[in-house]
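Dear colleague,

I am passing on the structure below, followed by notes on what was found in it. Please read the notes with the coordinates open beside you.

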Amino acid sequence: MKKNRDILLCDLDAFFASVEQLDNPELRNRPVLVGGSPEGRGVVSTCSYEARKYGVRSAMPMKKALALCPEAVVVRGRMSRYKEVSLEVRKIFERFTPDIEFVSIDEAYLAVNKGFGCDIGNAIHTAVREELDLPISVGISVNKLLAKIACEQAKPNNTGTLWPEEIEGLLWPLSVRALPGIGPVAENNLKIIGIKTVKDLTLYSAESLSRVLGNNAVTIRYYAHGIDDRELELEHEAKSISEETTFPEDIYDREAILAILMELSAGVGYRLRSSGITAKTVTLKLRFKNFKTITRSKTMPDTVCSDSEIYRSVKDLFIVHCGKPPWRLAGVQVSGLEQGSQVSFLQAAHENNRENQLTAARDKLRKKYGSEVIIQGKRLTRRRKKET
Amino acid sequence: MQILLNAEHFKSCLEIVEKALPARSTMPVISNILLDINNDFLNFSATNLEMFIKSRMDYEGGESGKILLPPKIVDIMRYFPTDKVTLDINWDNYRINVSGGSANFHLYGSNPEDYPVTFDITSSQKKPINIDQKKLKSIIKSVVFAASNEETRPAFNGVLLSSHENTFSLTASDTYRLAIKELKDDKWSLDDNHSLVPARSMRELLRILGEHNANILILREKNILAFQLEGVYFATRLLEEKYPDVSGVIPNDYKTRIILGRKDFEDTINRASLLAEGKNHAVNIIVNNNQLEVKVSGQEGSMEEMLPVVQDGEDIELFANTRFVSDVLKIIEEQKIIVDFHGDGGPLIFRIDEDPGYLYLVLPIKKLN
């Protein structure tokens, strides 16, 4: 780890639920559960802080969550909208430093010049709140471990520090569970030999800890002292872009799958266009009832980025490789990515200007109002079927 | 039957025809080299069924016969120790003994009975074109690089030869760029006014053509085009695909024209390509105030360079593939190059003042944001 840097962990609080509360004011201050439907195999993917008071947690079956908190509002996730918001947040991060590790859609480590951690942490917190009206927590320290713990302690919607000199006072009293790599099982095993807090860990040699923690003992003991030399994994250029969805119930209807593939193609196409990329290869992914999964690809003579071109290839692949219903999952991936698009005169001759204009207009709408604002008529068949 | 040959000459005859040997084939007979001995000549032939090459060397034996030589014989001659080589052919079992100095090879030849003969159109009654081979070489070289190597659009794997009134033209394209060379010369007329020649064949022909001035005959019969030079006969099957009409791609009037030193431009583009990324190798080209600016910005860094130009027309900025640009700059020999621009999204066209019949068009890269 470079010594002259402060490390920030920025984590959007209850991100999906916060976006829902942002887009639908009537959900504000109410328990919101984002996830699958309670009838199917749905689980809670995010719950608002209001719902957490009732004991609801992420990854809990939706049925159980509703039993704990019956007045909660259940919202189906809108992944493409969350991605859009995440991109906005990312733009704010990028104002402060180019050195960013994006851990997930709602979490990122930032490396900034030493001594500027607090100022930048507060500035990010303010910018996200004022410009996007979203709660974010920022942990500030000198390495990933301490930044992460500082962030956990600061939550929700706040900034916090955990400097090396604060370890004794702030880190050591915490439960061992505060350290990454210690789950409920390890916690329990440590308890048996009398280790409850982080400070307790520092009193034992790595050797004696290894009986409980195995190979992790050395690392965890370092963690207990606040030492962590993991580097930030800075983002490399994406090699592919994909979207997939597992259905709440297996689908038997080919038309319904095609409607989903159209939706996924549109999502992938939008992401391509919004980062100015085109793709040469389109891949269809299908999972069958028995979990057998296939991927089938098609490489085009010219690069593509329009929803309809992607969908056309996916549809061709589906027709040839669809196998026997029912299907459990469908996905669309594009690869062979290229900045910009080399114009070909064949393409220029065939180029459907009306379609380009339509796509451009639709992208603008999506950017402003979210991916659901305008959809292809075909996708309605699926919705209608779902309703009946 | 024993034949004593000059080893170097024998080797070069084999190396000429070797280019037509198929990489792999479902037809075993064509993976061999045909040796046809008739009175005054040894004739060597090889074909991959798309192209056919025959080379010839003098021989004073007066005998005749045919045999298929295994392709290994080319390598054997590359490593041969002596200036003279003795071929001893047993016509009963097609065994061949290749010996000289300390080297002594026993090879299994085979029966030439099924060897295809369809490429021989030398007896055609049609009037051939007669041209200087150095000139032919430079004409082919000026267009063939633009043809596509991808199999997705077969017509663009070809170089189109066409004649119209007294203009003969060669066209090659991969749909992203287009090279056209026109000759105003009435002796250039082939019987059929369209021949689509595989670019692969053209590239092999280029390797065979020498730099010296010698005449070459071009023949066309049905779907075969043949080139007859001193000691070598080169024939290629024509592609049957229909070549699209590309004339509409070339705009009439430029919006910006610049004239600049070809070598300087080539060097700048080559330097820019060091940082150009991806398959598109995109660089930013800006014409402004009698200057050409070439810029790249990528993950590894950025560069920019300015060149003085003579500018006529409006300022322009676009992105283009460095490979496409450097491909033409390296084959042109003239000192100055003209580049025409045709507004936003329009093509770049490279021209040479000394040769109004030549043009090379490159379509730009569209930036999506």
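In chain A, A:Gly370 is buried, with a relative accessible area of 1%, where buried means under 20% relative accessible area, exposed means over 50% and partly exposed means in between, computed with a 1.4 Å probe and the protein chains only. The model is a predicted one, in which local features need pLDDT of at least 70 and side-chain atom pairs count only at pLDDT 80 or more, while totals for chains, interfaces and linings use all residues. Residues are numbered from 1 along each chain as its sequence is written, chains are lettered from A and ligands numbered from 1 in the order in which they are written, and side-chain values use heavy atoms, with hydrogens and water left out.

To return to A:Gly370, this residue is found in the loop between helix H15 (353-369) and helix H16 (378-387) of chain A; helices (H or I, at least four residues) and strands (E, at least two) are DSSP runs, numbered from the N terminus. A:Gly370 and A:Glu84 are separated by 286 residues in sequence, yet their C-alpha atoms are 7.8 Å apart in space. Not counting residues up to four places away in sequence, A:Gly370 touches A:Arg81, A:Glu84 and A:Leu365, a contact being heavy atoms within 4.5 Å.

A:Arg81 also takes part in a helix packing, since it is one of the residues of H4(A) in contact with H1(A). Helix H1 (residues 15-23) and helix H4 (residues 79-96) of chain A pack at an angle of about 90°, with their axes 10 Å apart; the axes are lines fitted to C-alpha atoms, for helices over the stretch in contact, and angles run from 0 to 180 degrees between N-to-C directions. H1(A) is therefore roughly perpendicular to H4(A), a label given to angles of 65 to 115 degrees, with those under 35 counted as roughly parallel, those over 145 as roughly antiparallel and the rest as oblique. On the H1(A) side the contact is made by A:Phe15, A:Phe16, A:Val19, A:Glu20, A:Leu22 and A:Asp23, and on the H4(A) side by A:Met79, A:Arg81, A:Tyr82, A:Val85 and A:Ser86. By class, this contact has seven nonpolar, one polar and three charged residues, where Ala, Val, Leu, Ile, Met, Phe, Trp, Tyr, Cys and Pro count as nonpolar, Asp, Glu, Lys and Arg as charged, and the others, Gly among them, as polar.

Within helix H1 of chain A, where A:Glu20 is found, this residue is buried at 1% relative accessible area. Leaving out residues up to four places away in sequence, A:Glu20 touches A:Leu27, A:Val32, A:Val34, A:Val75, A:Arg76, A:Arg78 and A:Tyr82.

Some backbone values may deserve your attention. A:Asn29, in the loop between H1 and strand S2 (32-35) of chain A, has a positive phi near 65° although it is not glycine, and at 68% relative accessibility it counts as exposed. In chain B, B:Asn290 likewise has a positive phi, of about 60°; it is in the loop between strand S18 (282-288) and strand S19 (291-298) and is partly exposed, with a relative accessible area of 39%. A cis peptide bond joins A:Lys155 and A:Pro156, with omega about -10°, and A:Pro156 is found in the loop between helix H6 (144-154) and strand S8 (159-161) of chain A. The bond from A:Pro325 to A:Pro326 is also cis, with omega near 0°, and A:Pro326 lies in the loop between helix H13 (307-321) and strand S12 (327-339) of chain A.

As for the interior, the largest nonpolar core has 101 residues, of which B:Phe10, B:Phe44, B:Phe265, B:Leu292, B:Phe350 and B:Tyr360 touch the most other members; such a core is a set of buried Ala, Val, Leu, Ile, Met, Phe, Trp, Tyr and Cys residues joined through side-chain atoms within 4.5 Å. Apart from it lies another core, of 56 residues, among them A:Val75, A:Ile140, A:Val198 and A:Ala224.

For the chains as wholes, chain A has 16 helices and 13 strands, and 47% of its 388 residues count as buried. Chain B has six helices and 26 strands, and buried residues make up 53% of its 369 residues.

With best wishes
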